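Work through the two exercises below with the sequence and the structure open beside you, and try each task before you read its solution.

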Amino acid sequence: MDTRFCFVVSPIGEQDSPERKHADNFLALIKEIGELHNLDVKRADEIVGTSDINADVIDKIQNADLCIIDLTGLNPNVMYEFGMRYQTGLPYIVCAKHKTDLPFDTISRRTIFYGDLNYASECREAKKQIRSFITVFEGNDYQSAETISSKDLYSMLQTIIEKLDSFNITSAFTSNSNNMTDGVDDLLRQLEPSEAFHYAYSTNQVKLAEELLEYCRNQPFEYFFDKLCALTTLGSEKGSFELESYLNDSIGTESFTKILEAIGCLVTCYNRQGSEQAHMESMGKIMDKALSRAQTNKERASILNQKQRLLAGARMFEEAQGVAKQTTELDDEEPAYLYNYATVLRHLGEIPLALSKAKRAVELSTNDDADHLALVCELLKESTDPADSEVFESYMRRLEKVSPLKARLIRLQ
């Protein structure tokens, strides 16, 4: 039997990191399988040559007889490389560690979920499942694989990029559920409460940040309020409950700046939690009270923009469109408002109007914003006007400078 080439696509991580140890265990498993099936197994960091490493990786992804892809960690680069492999129509096997929360059904149904590879029994089970796929590919002489649709794949990749923060937050909730008291005490022996809170916040350790917030209550309220807002943006239920309660009690007396900041943090929290609908009524009342205090069109627009974010997050796009329109009528110089409006219009299928708003958002931005440019490029790609192809390339060149990954995903669409 001729030797076939198998390329392993996985997160690799830094030397001696937990991610690297996991990746090495996974690679070792695949190499064992490779010996049984006459496969030459390689990972990106094992490629030796004088040519550009990225070109080598792309060549292996596109031409290997088989790719085995590990989605553990939901790494964006791995997802992109998976997309490249999918386009070839050649065989691939998708794997992920148990409890990896794949936010899409299409791939979940075809993914081999494996356990802790430090245990022989888990390795045997993973090996059995992977080998069953390889046996099928051998029978077909490694010809074209069953694939998902381009639409499903692109949707999946976009979900990964857009929701990555949420996955990290979820992991943070889980990873900090044990030994919380020990962690707090240890930190407070080394750092002041504010410094410890900042550490927990900056590393997305939500449970730890919630505990540390209690040690900051004796600080001046302005400093405590900032920490409460920061905790809420991480998706903390505890933080959002307290912040929403505070707004209800003090919205008539607190400064408008603080009201707007708090509302924005709450909307961000509920967007991340996916709980917009559950908070629609209570936030609606808060926003109505805030609007009654607004004195300028810019202040009114800032509140309406948050309402639009809440409605769009709840997928109430028709209602969100009306609010977004009001927002831009009150303030048509704020790029974020135009971008949000364009996003809602796109969901409603109003592509030409969405494109004009998105382009305007890019024009008004001081610096090239990756999200704004990406939206313009996506809308241009969806446009049926042939004249838009040249414009598309000009925007894509700008996007490639600020976010090569987003640009690659759009070309994959």
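Contact here means heavy atoms within 4.5 Å. The model is a predicted one, in which local features need pLDDT of at least 70 and side-chain atom pairs count only at pLDDT 80 or more, while totals for chains, interfaces and linings use all residues. Residues are numbered from 1 along each chain as its sequence is written, and side-chain values use heavy atoms, with hydrogens and water left out.

**Exercise 1.** Find the residues that Met 283 is in contact with, leaving aside its neighbours within four places in sequence, and place Met 283 in the largest nonpolar core.

Solution. Begin with the contacts of Met 283, which are Glu 244, Ile 263, Leu 266, Val 267, Tyr 270 and Leu 310 once neighbours within four places in sequence are set aside. Next, recall that a nonpolar core is a set of buried Ala, Val, Leu, Ile, Met, Phe, Trp, Tyr and Cys residues joined through side-chain atoms within 4.5 Å, where buried means under 20% relative accessible area (1.4 Å probe, protein chains only). The largest such core has 46 residues, and Met 283 is among those with the most contacts inside it, together with Phe 197, Leu 212, Leu 243 and Ile 263. Helix α12 (residues 256-273) gives the largest share of this core, nine residues.

**Exercise 2.** Describe how strand β4 (residues 92-97) is covered and how β4 pairs with strand β3 (residues 66-70).

Solution. Helices (H or I, at least four residues) and strands (E, at least two) are DSSP runs, numbered from the N terminus. Strand β4 is mostly covered, since five of its six residues are buried. Two strands pair if DSSP finds at least two bridges between them; β3 and β4 do so in the parallel sense over four bridges, and Cys 95 in β4 is the bridge partner of Asp 70.

Methods
Buried < 20%, exposed > 50% of the residue type's maximum accessible area, 1.4 Å probe, protein only.
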